[in-house]
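Work through the exercises below with the sequence and the coordinates at hand. Each task is followed by a solution in steps.

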Amino acid sequence: MSIEGQSPAKLANLVDTIGGIASEISKHPCVTYLDDVQLSDNLVSGVMKNAAVVACSDVGAWVPYVCSSASVKLFLFQNFGHHFESGGMVETIVGKGIQNVVVYGHSDCKYIKFLARPENSDKTKTEEQRQLYVAALESDSQAAWKTVGQYNVLVELKQMLADPIIGPLAASGKLNLHGWFYDAVAAQIEVFAPKIKAFIGVPK
Ligand SMILES: [Zn+2]
């Protein structure tokens with residue numbers, strides 16, 4: 001991973017920030033490791049009844065590594081920023097008894113770069129996120145933007161845990177939450193692993 005053009009202190013800040021939220025959400029037993037192969041295999045074999053994925057719109061119409069078998073019950077939602085609270089996703093999770101939800105971010109996200117611009121700071125949810133955007137804009141390195149992208153996946157999971165409908169479902173054990181990140185440069189999917197509180201690459 002290149003850290004060219006970025007001072008060690010700033011990279012350390014970014015890593016510390018994502019480390020904090022990673023520790024926080026890893027405490028929840030409903031946040032588990034589930035990679036793309038496990039998702040596909042479990043759906044096809046019937047071990048898993050259903051699942052929903054929410055991905056960022058600008059990753060494109062072809063969402064890499066999401067099971068495409070027509071025989072499985074997989075609900076794919078797409079919007080800019082992979083937000084769970086729009087497009088009827090919460091209603092689907094409740095109404096269809098969804099057991100697994102994946103929040104799926106990606107590298108080189110033009111929407112994140114748009115949000116990071118100072119004139120769009122009103123769309124930033126927290127001060128921590130604003131600081132991350134500032135650091136990523138300053139360094140403008142792939143590593144920094146990747147960290148911000150993964151941070152935003154974790155933010156979405158955190159918001160789901162705090163949601164008055166989704167939170168209790170997850171706490172009751174009926175719903176598991178997962179974080180994915182597609183690294184287009186490496187053409188690899190990375191999955192959030194609560195045991196190590198970080199995203200790890202899935203071997204191809
Ligand atoms: Zn995007």
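The exercises go from the whole chain to single residues, and the model they use is predicted.

**Exercise 1. Confidence**

Task: Find the average pLDDT of the chain and the stretch where the pLDDT is below 50.

Solution. Step 1: the average over the chain is a pLDDT of 90, and 94% of the residues score at least 70. Step 2: the pLDDT is below 50 over residues 1–6. Step 3: this stretch still has 14 contacts in the model beyond near neighbours in sequence. Step 4: where pLDDT is low, the predicted coordinates should not be read in detail.

**Exercise 2. Overall build**

Task: State how many helices and strands the chain has, give their sequence pattern, and compare the radius of gyration with the globule rule.

Solution. Step 1: the chain holds 7 helices and 6 strands. Step 2: along the sequence they follow the pattern α-α-β-β-α-β-α-α-α-α-β-β-β. Step 3: the radius of gyration is 16 Å, and the globule rule gives 17 Å for 204 residues. These values are close, so the chain is as compact as a globular protein of that length. Step 4: the C-alpha atoms fill a box of roughly 50 × 35 × 30 Å along the principal axes. Step 5: of the 204 residues, 36% count as buried. Step 6: take the contacts between residues at least 6 apart in sequence; 69% of them join residues at least 24 apart.

**Exercise 3. The sheet**

Task: Give the strand order of the open sheet, identify its edge strands, and describe the pairing of strand 1 and of strand 5.

Solution. Step 1: the 6 strands of the open sheet have the order 2-1-3-4-5-6, with mixed pairing. Step 2: strand 2 (74–79) and strand 6 (198–201) are the edge strands, each pairing on one side only. Step 3: from one strand to the next, the twist averages 25 degrees. Step 4: strand 1 pairs with strand 2 in the parallel sense over 6 bridges; A55 has Q78 in strand 2 as its bridge partner. Step 5: strand 1 also pairs with strand 3 in the parallel sense, over 4 bridges, and V54 stands opposite V103 in strand 3. Step 6: strand 5 (residues 188–193) and strand 6 run antiparallel and are joined by 4 bridges. F192 stands opposite F199 in strand 6.

**Exercise 4. Burial of strand 1 and the core**

Task: Decide whether strand 1 is enclosed or open, then find which residues touch the most other members of the largest nonpolar core.

Solution. Step 1: 6 of the 6 residues of strand 1 (residues 51–56) are buried, so this strand is largely enclosed by the rest of the structure. Step 2: A51, V53 and A55 point one way, while A52, V54 and C56 point the other way, and all are buried. Step 3: the largest nonpolar core has 56 residues, of which A51 and L154 touch the most other members. Helix 6 gives the most to this core, with 9 residues. Step 4: not counting residues up to four places away in sequence, A51 touches L39, L43, L74, I98, Q99, N100 and V102. Step 5: helix 6 (residues 142–162) lies across strand 3 (100–106), strand 4 (176–183) and strand 6, and runs at about 165 degrees to strand 4. As background, nonpolar side chains tend to be buried together in soluble globular proteins.

**Exercise 5. Three single residues**

Task: Place T92, Y65 and D140 in the chain and classify each as buried, partly exposed or exposed.

Solution. Step 1: T92 is in helix 3 (residues 89–95). T92 counts as partly exposed because it has 16 C-beta neighbours inside 10 Å. Leaving aside neighbours within four places in sequence, T92 is in contact with A52, F75 and I98. The C-alpha atoms of T92 and F75 are separated by 8.5 Å, with their positions 17 residues apart along the chain. In sequence terms, T92 and F75 are 17 residues apart along the chain.

Step 2: Y65 is in the loop between strand 1 and strand 2. With 19 other C-beta atoms within 10 Å, Y65 is partly exposed; being buried takes 20 or more. The phi of Y65 is near 70 degrees, a positive value in a residue other than glycine.

Step 3: D140 is in the loop between helix 5 (127–139) and helix 6. D140 counts as exposed because it has 12 C-beta neighbours inside 10 Å. D140 is not a glycine, yet it has a positive phi of about 50 degrees.

Step 4: for reference, most residues other than glycine have a negative phi.

How values were computed:
Residues are numbered from 1 along each chain as its sequence is written. This is a predicted model: local features need pLDDT of at least 70, side-chain atom pairs count only at pLDDT 80 or more; totals for chains, interfaces and linings use all residues. Two strands pair if DSSP finds at least two bridges between them. Helices (H or I, at least four residues) and strands (E, at least two) are DSSP runs, numbered from the N terminus. Axes are lines fitted to C-alpha atoms, for helices over the stretch in contact, and angles run from 0 to 180 degrees between N-to-C directions. Two residues are in contact if their C-beta atoms, placed from the backbone, lie within 7 Å. A nonpolar core is a set of buried Ala, Val, Leu, Ile, Met, Phe, Trp, Tyr and Cys residues joined through C-beta atoms within 7 Å. The radius of gyration is taken over C-alpha atoms; the globule rule is 2.2 Å times the number of residues to the power 0.38. pLDDT is the predictor's confidence in each residue, from 0 to 100.
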